[in-house]
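I am opening a notebook on a structure that is new to me. The entries below follow the order in which I looked things up.

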Amino acid sequence: MVAVRKRKAVRSTAETSSPDGLKEGVLQQDPPRFHFDLWFCLTLQNWILDFGRPIVMIVLPLEWFPLNKPSAGDYFHMAYNVITPFLMLKLVERSPRPLPRSAVYLCIITFVMGASIHLVGDSINHRLILSGYQLHLSVRENPIIKDLQPASLIDSFELLYYYDEHLGHLMWYLVTEGQITELFLLTFAAMLVTGGVQRRKGLALDSNGLFLLCSFALTLLLVGVWVVFLWSDPVLRKKYPGLLYVPEPWSYYTLHIKTEH
């Protein structure tokens, strides 16, 4: 019995070490496919739930909803906060290389927390517009804020603005809000550098990587057009005096659109 087992083991080793045996023993990896379903859903829900959120708030104004209840834009925001992390997790599941679970969980939790902070702050800020609050002005420069009593309430509104426009947007990775374009540019530069290093090694981006790279490039182009369009606006220049000038869309709305009606 021992000799038979040894002969069988030698035969099995010879088969797997031969060219034919190697071809049969090694699993052939399927070529990476384009995840059209996930990219399509991510793109569609971003355009509808994120980019379309201010539009639906203009079409269905806040006056139509009780001030102590969520508006149509708030419901869009809630749906975005649930659907986006779900699609991101599904996309990570299809990654050809397993990613550290702790890092994935931490990123998703940070994303959801930032988007939720923004949901609350944005909802309150938009209701303040009905009371005369002007988003293109700083908190202390707003007429309805200057006369608040006691004066410590102004600090509370500045804290709300910080949570909404800075911390929430930073955790949410937004580009044209919260003045965190630097983060987007650094991420895009890292993608270009990584792609260049991989190309030198004889590797190339698959269709998914190319789609993501092209999406970032298109975003950079659209933001550039937005900046050029508002380059000479003195009011927005004063509101956003940082190194990179990227005005927020809602500030443009309260400055140039709402005042016209």
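Which elements each supply at least two residues of the lining of the largest cavity? I looked this up and found α5 (101-129), α7 (152-172) and α11 (249-257).

**Entry 1: the model.** I note that this is a predicted model. The mean pLDDT of the protein is 81, and I see that 84% of the residues reach 70 or more. I set residues 1-27 apart, since pLDDT stays under 50 there. For that stretch the model has five contacts beyond four places in sequence.

**Entry 2: the elements.** I counted through the protein and have 11 helices and zero strands. Read from the N terminus on, the order is α-α-α-α-α-α-α-α-α-α-α. Of the 261 residues, 33% are buried. I also looked up the contacts with a separation of 6 or more, and 63% of them join residues 24 or more positions apart.

**Entry 3: the largest cavity.** I find two cavities of 30 Å³ or more in the structure. The largest cavity holds about 90 Å³ of space. Its lining has 12 residues, and those nearest the centre are Leu135, Glu165, Glu248, Trp250 and Ser251. I sorted the lining of the largest cavity by class and got five charged, four nonpolar and three polar residues.

**Entry 4: the second largest cavity.** Here I note about 40 Å³ of space. I list the residues that line the second largest cavity as Asn125, Leu128, Tyr133, Val139, Phe157, Leu160 and Tyr161. The elements giving two or more residues to this lining are α5 and α7. With three residues, α7 gives the most. By class, I have six nonpolar residues, one polar and no charged in the lining of the second largest cavity.

**Entry 5: helix α9.** I checked the length of α9, which covers residues 207-229. Its 23 residues, at 1.5 Å a residue, should span 33 Å, and the end C-alpha atoms are 33 Å apart, so the two values agree.

Which residues of α9 are buried? I wrote down Asn208, Gly209, Phe216, Val223 and Val227. I then asked what covers the buried residues of α9. Among the elements that do so are α3 (36-59) and α8 (181-200).

Note on methods
Residues numbered from 1 in each chain as written. Predicted model: local features only at pLDDT ≥ 70, side-chain atom pairs only at ≥ 80, totals over all residues. Heavy atoms only, no water. pLDDT = per-residue confidence, 0-100. Contact = heavy atoms within 4.5 Å. Helix = DSSP H or I, 4+ residues; strand = E, 2+ residues; numbered from the N terminus. Expected span 1.5 Å × (residues − 1). Buried < 20%, exposed > 50% of the residue type's maximum accessible area, 1.4 Å probe, protein only. 1 Å grid on protein atoms, 1.4 Å probe; cavity = no way out; pocket = protein on both sides within 12 Å on 5 of 7 lines; lining within 4 Å. Points joined across faces, edges and corners; volume = space filled by probe spheres on them. Nonpolar A, V, L, I, M, F, W, Y, C, P; charged D, E, K, R; others polar.
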